[in-house]
Amino acid sequence: MPEDHDKDVYPVPPRQTPAVDKQTTLPNPALILSKLFYYSVDVPVSTFRGIIEGIQGDKSKYYHQKFRRVPELTECREGDYLCYYEAEMQWRRDFKVDQEIVKVIKDRLRACQQREGHSYMQNCNTELKQFDQVTKAFQSRYADLGAYGSGRKCLMKQKERMMAETQKA
């Protein structure tokens, strides 16, 4: 707008942010407490952690725990309860990993179905085959174990399935 405009005809629009109307000269207590916490707790802890990490060296950061593979139940000696326990924990980890694999494949199939619409049977054929393969493998291993499935029950189911296959042949 030109400087010599008529202010009655063209009023200046109001400001979007109102001016701060400070009522007191006292400082904000929340600001004081946040600065106090920062300098009394955060800075010393961060400094100490930086020193310790510098001493330890540059280690790779892992955001999940890596477990070594332990012997399966079939490889444990009789009466070795620690081996039984480790094999059971390994089975539970494998079960959770297999569940996540099925979830990922299912999400991929759903995304392809959403993307392709009505023609997903033709365009998502590889995802459908992969999903069928993964779910069949999961069902053959973990189906009919019930809510209290364990490594021992899974092993017995596998043994029964193998015996049934040898009787068919």
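**Figure 1. The second largest pocket of this predicted model has a lining of two nonpolar, one polar and four charged residues.** The residues that line the second largest pocket are Phe67, Arg68, Arg69, Gln90, Arg93, Asp94 and Val97. Its volume comes to about 150 Å³.

**Figure 2. The largest pocket encloses about 290 Å³ of space.** Its lining is made up of 16 residues, and those lying nearest the centre of the pocket are Glu72, Trp91, Arg141, Gly151 and Gln158. Two or more lining residues come from each of the elements α2, α4 (125–142) and α5 (151–168), and α5 gives the largest share, with five residues. Sorted by class, the lining of the largest pocket holds seven nonpolar, four polar and five charged residues. As general background to both pocket views, a probe the size of a water molecule is rolled over the atoms, and this shows where empty space is left.

**Figure 3. Tyr38 and Tyr39 form one of the seven aromatic pairs that a search of the whole structure finds.** The ring centres of Tyr38 and Tyr39 are 4.9 Å apart and the ring planes stand at 75°, and because planes over 60 degrees apart count as edge-to-face, the pair belongs to that class. Tyr38 is partly exposed, with a relative accessible area of 40%, whereas Tyr39, with a relative accessible area of 54%, is exposed.

**Figure 4. Tyr81 and Tyr84 form an edge-to-face pair in helix α2.** The planes of the two rings are at 85° and their centres lie 5.7 Å apart, so the pair of Tyr81 and Tyr84 is edge-to-face. Tyr81 and Tyr84 are three residues apart in helix α2 (residues 81–116), which means that about one helical turn separates them. Tyr81 is exposed, with a relative accessible area of 63%. Tyr84 has a further partner, since Arg152 lies over the face of its ring, at 5.4 Å from the ring centre.

**Figure 5. Trp91, Phe95, Phe138 and Tyr142 are linked into a cluster by ring pairs.** Trp91, a member of this cluster, is also among the residues that lie nearest the centre of the largest pocket.

**Figure 6. Cys76 and Cys83 form one of the two disulfides counted in the model.** The sulfur atoms of Cys76 and Cys83 are 2.0 Å apart, and the torsion about their S-S bond is about -75°, so this disulfide is left-handed. Both of its cysteines are buried, because the cut-off for that class is under 20% relative accessible area, and Cys76 has a value of 12% while Cys83 has a value of 9%.

**Figure 7. Cys112 and Cys124 form a disulfide whose sulfur atoms are 1.8 Å apart.** The link of Cys112 and Cys124 is left-handed, with -95° about the S-S bond. This pair links distant parts of the chain, with Cys112 in helix α2 and Cys124, twelve residues apart from it, in the loop between α3 (120–123) and α4. Cys112 counts as buried at 1% relative accessibility, and Cys124 likewise counts as buried, at 0%. When the bonded cysteines of the protein chain are numbered in sequence order, the pairing reads 1-2, 3-4.

Methods: Residues numbered from 1 in each chain as written. Predicted model: local features only at pLDDT ≥ 70, side-chain atom pairs only at ≥ 80, totals over all residues. Heavy atoms only, no water. Phe/Tyr/Trp six-rings, centres within 6.5 Å; stacked < 30°, edge-to-face > 60°. Buried < 20%, exposed > 50% of the residue type's maximum accessible area, 1.4 Å probe, protein only. Helix = DSSP H or I, 4+ residues; strand = E, 2+ residues; numbered from the N terminus. Lys NZ or Arg CZ within 6 Å of the ring centre and 35° of its normal. 1 Å grid on protein atoms, 1.4 Å probe; cavity = no way out; pocket = protein on both sides within 12 Å on 5 of 7 lines; lining within 4 Å. Points joined across faces, edges and corners; volume = space filled by probe spheres on them. Nonpolar A, V, L, I, M, F, W, Y, C, P; charged D, E, K, R; others polar. Disulfide = S-S within 2.5 Å.
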